[in-house]
Amino acid sequence: MKKDKKWQDLTILSENRLAARTEFRTYRNRAELAAERSSLVQSLNGEWNFLFLAAPEYSPADFWQKDFDDSAWDRLTVPSTWQTKGYGKMHYTDVHYLFPICPPYVPNDNPTGIYRRIFTVSEERQQQRCILKFHGVDSAFEIWVNGNYVGYSQGARYISEFNVSSVITAGENQITVRVMQWSDGSYLEDQDMWWLSGIFREVELLYYPNYVESVVVCSDYIPESGKGILSIQGFQPITERMPGFDWIIAISDQNGNMLVEEKIDITAEPEKEPDLLFSWQVELTEVKAWTAETPNLYQWTLVLQQNGQELQVLSEKFGFRRIAVSGCRLLLNGQPIQFHGVNYHDYDPHNGRVLTEEIMRADLKLMKEHNINAIRCAHYPKTDIFYRLCDEYGFYVIDEADLECHGFELTGDYNWLPDDPAWEKAFVERGLRMVMAHRNHPSILMWSLGNESGFGNNFKVMATAIRQVDRSRLIHYEGDMEAEIADVYSTMYTRYDKLIQIGLNYSEKPHILCEYAHAMGNGPGGLLEYERAFQQFEVLHGGFVWEWYDHGIACAEKGYRYGGEFGDSPNNGNFCIDGLLKPNREVSSGLREYKAVIQPVKCRARDLTKALITIQNSYDFLDLSHLYLSWEITDGQKALAEGQIRELDCPAGMETTLQLNYEWSEICQQAQANTEYYLNLEWRQKESQGLIGQDHSIGRQQIKLPYYRKKTEVRSSLENQPVITEDGTYLRVTAGERSYTFDTLHGRLSEITEKGKRIVKAGPQLTVDRAVIDNDMYKKADYYEKFFLHQSFEDCRDLSWEKLGDQVRVTIDNYFSCLNQSFGFALKYEYLILQDGALSLNLKAKYQARGSQVPELLPRLGLEMLLSPEYSEVTWQGKGFFENYPDSAQSSIYGVYQAAVEEMDEFYVYPQENGHREGVRWLALAGKENSLLVRMAEEMGINVSYYGTKALAKAKHWNELEKTDGIWLTVDYRHLGLGSNSCGEEQLVPYRLKPQDFEMQLELRIIPKGEEIVEGRKEYA
């Protein structure tokens, strides 16, 4: 006869679990506090004996007994997730549950892990109150200590504490934990991520000489007066009270200066609030407020004494700040603020959701270095050290309940659980456990009720319960689409036009984009327009890019694996590879772009002939005194003038004019002909501060100088006239030691040779295709299965040539189209072999279409050619150094750059179009002795790679790419923007590329190696 299972019983959310309480650090005395090493905390991390089972019912008899023989079991590290250690099945879904939706029931096949280990307790510790603390276990678990049942808990990303004082003994003790993958709580844990299980956060024993259950701190800031009001309440179960003890409260500032130290009067009234031990308040004048820009922290310390002897010290840092809403404005300390945020999952490519403090600190450092000031805890609470770090280094945090029911959207009844009274207790508990644990952290500005779970009465009750506990913060929930109970109007992936309408027409509550700019693969594009909208409209308070980290699983053979590569079905493929940070922790072009778009100092030219610029301080609180400005006037290679301004005086939100130290007349005298000059400006940190090091660049900008002096040269002539030979389907023009061969059947320049050595293996031919990027995913079927853009043809209609004195003109009329299409381009290639042996190309393309089945957008309009592989050193004048695209180029500036061909590619877990550079006027590819110089009549885009479009489109991982025996060079008339339409905005209008007429003019020249820059800048009459 089957027994009822507590893990699918909605009336049982826990057994013997202690009530949620605030996190604080506990020490034996102040000396331990100063050293930040506590003798009252015992870690149970490390190697445990481990048995993996298909279901809990398969557990061995008496497995919880202290003397049970587990010597033959495996060993597993705690914390860890068992799937990443080879147990169970790896599975990734975005929305789908991995079991039938029949709440609260979960499958009988319920993967289970039993953990056992021995730990030792000293005689002294055994006399104290002992709390067993689990920081996170997925999904439900039971505990035994020394054969005694301790309790049960569910709610994967929450702290669970149990009083084990009565069951531990001095000396050797044994603990057993049985973890089930599925519970009724799994219905509330359907986040977009890998399904991972086990004890994935720390396990500790906490010892207390006396017991304080919770310390609640409220630190309000009065912006009008600069005062801080600090209230501290201590809670202790009435049954735990012991006479003869004194509590001392001490408050110190960020420099360690003592502001207050006094004995607390125990004024609690048990008949009114049975667990309230004391309530203490102080008012401080002229405190330093906490913000993400100025994370000023104070510290409270509670000392338990008996006869002057310290028995226990509790301590935590706090900040004075006030978050409020006034109309459509979100105010921190009375000042409107902007969120430049990211969504942050717990993730590590080797260990799943196991994060160390070092990893979190490294993540926050990268965020700070890229001007990110806000984090949404997607989609569950983090471990407490994360919030401490955010307090210390300055981040605005939206803490989010571990609650997502996304799979219900596919049933057609999204509000199934939010409207079911049977689930009310579970909803409310998940909100309160978050709030009770983290409410002392100043970095947390909002409580989020969860994510993508519909809406209903359970959320309303949840919001009410949270407000009864904490009214000092705002409530967020995007699923509350009318902002009925939320304090902010939150939307996700809102299209740009809709966002502008919100800015123009909505004024009831502040608006944030809790998710936008889906950073999947190559992208996102369009960040600049969104940021301008945030700055333009008062109601818009910024947003949070989805997301921080690519969730690739490390694999020696494939680099990083994603959904569907573990036999997991259904799955969402590489939809988990959607971060600004790559799995190997490499910064993506998207993150560089985000940094540039949100940089806090911007500038524009006022009068460059007088060396005047205007700068704008976009900080919400800081003036610019912590920064200095480095500037240079350069041609992209060397500077004509440079300098620094060490003292900057510009208050937050204001503009000022700066005078740079250069003379315009001297610049003009030094300037070379045919050379564009730019004013490059870079804002750097004066001194190390928090996670930011001295001289760190917080942003840069470039302004083109209004000066250009053109000088033309007369082309030299070869000693001998060009020679034309025809051989079957080939036409060859020999000019000196250079030869150009045309395929007269296909209408194409087939090769260029120099001294008999082939340089160009296949000459220019039109391409409209790019290897589909993730943000093209909704266009992919049209591109490949409807319009067949990857199966294009150029048919020759006519080819003729004529000799014009010492020049030769070859004219080719081709028609370009794709398989089974009625649209195409009439192409006229006009090649001119010039008197000095160079090759000029003028391409005129006339768009033609009949019928209505034509593509709305094209990925590119460009010319593709193949070079010999030895021409592997690239020099170009244009935007760089890293890849950039029409709608993602704020992080790139004009200059002269050099790179090996391998450096021109950008690594993406899932190969796709990459490595493009915009604004190029010329580029050269150098071999051992000479270079191929390609000059454009106007700025164009380029790609240079060993991997052609077909190779990129075929490969599923970077190490599967098939290298070409040659170098692909693509020169684009125009390239389609990136957008973020994998889950967001398509390409915005200015960056769309429709089928159209166009014209391209190029010149190809063979030059001595080392002369690339000089020759690239030459202009000919």
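In the predicted model, the largest pocket encloses about 1,000 Å³ of space. Its lining is made up of 41 residues, and those lying nearest the centre are Arg25, Glu202, Glu357, Ile385 and Arg388. Two or more residues of this lining are given by each of strand 2 (25-27), strand 16 (203-208), strand 23 (309-318), helix 3 (357-369) and helix 4 (384-393). Helix 4 gives the most, with six residues. When the lining of the largest pocket is divided by class, 20 residues are charged, 13 are nonpolar and eight are polar.

The second largest pocket holds about 870 Å³ of space. It is lined by 42 residues, of which Glu293, Asn373, Pro600, Tyr619 and Asp620 are the closest to its centre. At least two residues of the lining come from each of strand 26 (335-336), helix 4, helix 8 (527-536) and strand 38 (612-617). Helix 4 is thus named for the second largest pocket as well as for the largest pocket. In the second largest pocket, however, the largest share of the lining belongs to helix 8, with four residues. The classes in this lining are 18 polar, 16 nonpolar and eight charged residues.

Enclosed spaces were examined next. Eight cavities of 30 Å³ or more are found in a search of the whole structure, and the largest cavity has a volume of about 150 Å³. Sixteen residues line the largest cavity, with Asn943, Ser945, Tyr947, Leu952 and Thr970 nearest its centre. Strand 54 (860-867), strand 58 (930-945), helix 13 (949-954) and strand 59 (967-975) each contribute at least two residues to this lining. Strand 58 gives the most, namely three residues. Of the residues that line the largest cavity, seven are polar, five are nonpolar and four are charged.

Aromatic contacts form a further part of the description. A pair of aromatic rings is described by the distance of the centres and the angle of the planes. The structure contains 59 aromatic pairs. One of them joins Phe318 and Phe320, whose ring centres are 5.3 Å apart; because the planes meet at 75°, and angles over 60 degrees count as edge-to-face, the pair is assigned to that class. Phe318 and Phe320 are both buried. A second edge-to-face pair is formed by Phe907 and Trp958, with 6.1 Å from centre to centre and 80° between the planes. This pair links distant parts of the chain, since its members are 51 residues apart. Phe907 is located in the loop between helix 12 (901-904) and strand 57 (917-926), whereas Trp958 is located in the loop between helix 13 and strand 59. Helix 13 and strand 59 also supply residues to the lining of the largest cavity. Trp958 has a relative accessibility of 21% and therefore counts as partly exposed, as the buried class is restricted to values under 20%.

Aromatic residues are also found in a cluster. Tyr97, Phe99, Trp182, Tyr187, Trp195, Phe408, Trp416 and Trp423 together form one aromatic cluster.

Two contacts between a charge and a ring complete the account. Arg353 lies over the face of Phe200, at 5.9 Å from the ring centre. In the other contact, the charged end of Arg561 is placed over the ring of Phe566, at 4.0 Å from the centre of that ring.

Terms used: Residues are numbered from 1 along each chain as its sequence is written. This is a predicted model: local features need pLDDT of at least 70, side-chain atom pairs count only at pLDDT 80 or more; totals for chains, interfaces and linings use all residues. Side-chain values use heavy atoms; hydrogens and water are left out. On a 1 Å grid over the protein atoms alone, a cavity is a set of points where a 1.4 Å probe fits but cannot get out, and a pocket is an open set with protein on both sides within 12 Å along at least five of seven lines; lining residues have an atom within 4 Å of a point. Grid points are joined across faces, edges and corners, and a volume is the space filled by probe spheres set on the points. Ala, Val, Leu, Ile, Met, Phe, Trp, Tyr, Cys and Pro count as nonpolar, Asp, Glu, Lys and Arg as charged, and the others, Gly among them, as polar. Rings of Phe, Tyr and Trp (its six-membered ring) pair if their centres lie within 6.5 Å; planes under 30 degrees apart count as stacked, over 60 as edge-to-face and the rest as tilted. Buried means under 20% relative accessible area, exposed over 50%, partly exposed in between (1.4 Å probe, protein chains only). A charge sits over a ring if NZ of Lys or CZ of Arg is within 6 Å of the ring centre and within 35 degrees of the ring normal.
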